[in-house]
Amino acid sequence: MSRLFESVRLGQLELRNRVVMAPMTRSRAGRNDEPTDLVVEYYRQRASAGMIVSEGIYPSFAGKGYCRTPGLVTPAHVEGWRRVCEAVHAEGGTIVAQLMHCGRVCHADNKPADAETLAPSAIAARGEMYTDTSGMQPFSPPRALRGDEIAGVVEEYRCATQKAFDSGFDGVELHGSSGYLPAQFLSTGTNRRDDAYGGSLENRIRFPVEVLEAMTSVAGADRVGLRICPGNPFNDLSDDDPEETFTALLRAANPLGLAYLHVIRLHDAVLDNIALARRHFDGPLILNDGYKLDEAKRAMDEGAGEAIAFARAYIGNPDLVERFRRGAPLARFDPKKLYTQGPDGYTDFPPLSEAD
Ligand SMILES: Cc1cc2nc3c(=O)[nH]c(=O)nc-3n(C[C@H](O)[C@H](O)[C@H](O)COP(=O)(O)O)c2cc1C
């Protein structure tokens, strides 16, 4: 049997197999951005994963970017996530909360009217984002965070981490990729600050390192992961030297003793992100992006990482681990229903029947 189906421990996180459900924003949160019964059911169906990484969850209203995405701010958010975590734990699963502050990647219509759009520098992302109010709209221009406001944003991550543990999550993951706030601080294209949080490499890594310190202060570093994708241009991100930037970030993160690094490889990229992660990160790796069963088994059997995360395969295959075990065909999904409302294309994928 492949090691893919063997248990593994990442810090304090116990995985009964090495198939991780990758974080996926699905825009099904309720009226006040709380997880609803439907969201509980979606995660319950997928609890046989070795570990679930939740969809990106905002740590403050300013950090909300997309419509109908959930938060970890209000008591209703905590209560909703508590029911999600209970459902996953009842099935014997493990689940961590991904904290995602979108920074400048947002449209004002997608968040409360008094929530500002904030970023390291006042540079709008080029491109558009969907809103329920008026369809596709250009990204909202951000206001540059003042130096004396940054500690408050770090504190929001700490509070959201506390709320994640109050909800029953087994751990938390910092979303450090895809052009969101930590990546905006890291990258030369989005960070033009001339204070302690910008300019030099040491200054650009300061914000994500402080956020990690805040997150690890709540329940220990062995329950905190970091997700990265060096060189990812998504959401209009650019950096002069991603290899140098992420080497410095990982070296600064090592002394914390994180539970894992979740690394997204980039196809057709110049950088080999997995090699970079192996070289500079001291702890376990979760590998992601475009893995099929054969390659995932090979990667686990060769020890390329400790677990593999699957996103799109989990959309139509709630019982992905069982399908992988049996070598059964995978169900497809309709991309038009990724971010729509209701169960359609979300919780209506049947598991393999016993007869299959
Ligand atoms: C619908 C959808 C939503 C996603 N939302 C998130 C997210 O909230 N946070 C995140 O880190 N990545 C997100 N991703 C990226 C996936 O986690 C993953 O990195 C990517 O899909 C590649 O993995 P795959 O080839 O197994 O699908 C999303 C991907 C999809 C398809």
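**A ligand and its pocket**

Let's start at the ligand: one of its oxygen atoms lies 2.6 Å from a polar side-chain atom of N288. That pair is a polar contact, meaning N or O atoms within 3.5 Å of each other. Before going on, note that this is a predicted model, where local features need pLDDT of at least 70 and side-chain atom pairs count only at pLDDT 80 or more, while totals for chains, interfaces and linings use all residues. Residues are numbered from 1 along each chain as its sequence is written, and side-chain values use heavy atoms, with hydrogens and water left out.

N288 has company. The side chain of T25 puts an N or O atom 2.7 Å from an oxygen atom of the ligand, and for a polar side-chain atom of R227 the distance to a ligand oxygen is 2.8 Å. How much of the ligand does the protein cover? Of the 610 Å² of accessible area that the ligand has on its own, 85% is covered (areas by the Shrake-Rupley method with a 1.4 Å probe).

Step back a little and you'll find 17 residues around the ligand, with P23, T25, N288, G290 and R312 coming nearest (near means a heavy atom within 4 Å). By class, this shell has eight nonpolar, six polar and three charged residues. Here Ala, Val, Leu, Ile, Met, Phe, Trp, Tyr, Cys and Pro count as nonpolar, Asp, Glu, Lys and Arg as charged, and the others, Gly among them, as polar.

So where does the ligand sit? It sits in the largest pocket, with sitting defined as more than half of its atoms lying within 2 Å of the grid points. A pocket is an open set of points on a 1 Å grid over the protein atoms alone, with protein on both sides within 12 Å along at least five of seven lines; a cavity is a set where a 1.4 Å probe fits but cannot get out, and lining residues have an atom within 4 Å of a point.

The largest pocket holds about 1600 Å³ of space, a volume being the space filled by probe spheres set on the points, which are joined across faces, edges and corners. It has 50 lining residues, and P23, M24, A311, R312 and Y339 are the closest to its centre. The largest share of the lining, four residues, comes from α10 (helices are DSSP runs of H or I, at least four residues, and strands are runs of E, at least two, numbered from the N terminus).

Finally, there is one cavity of 30 Å³ or more, lined by R28, A29, P35, V39, E55, P70 and W81.

Note on methods
Polar contact = N/O pair within 3.5 Å; in protein donor to acceptor, adjacent residues only side chain to side chain.
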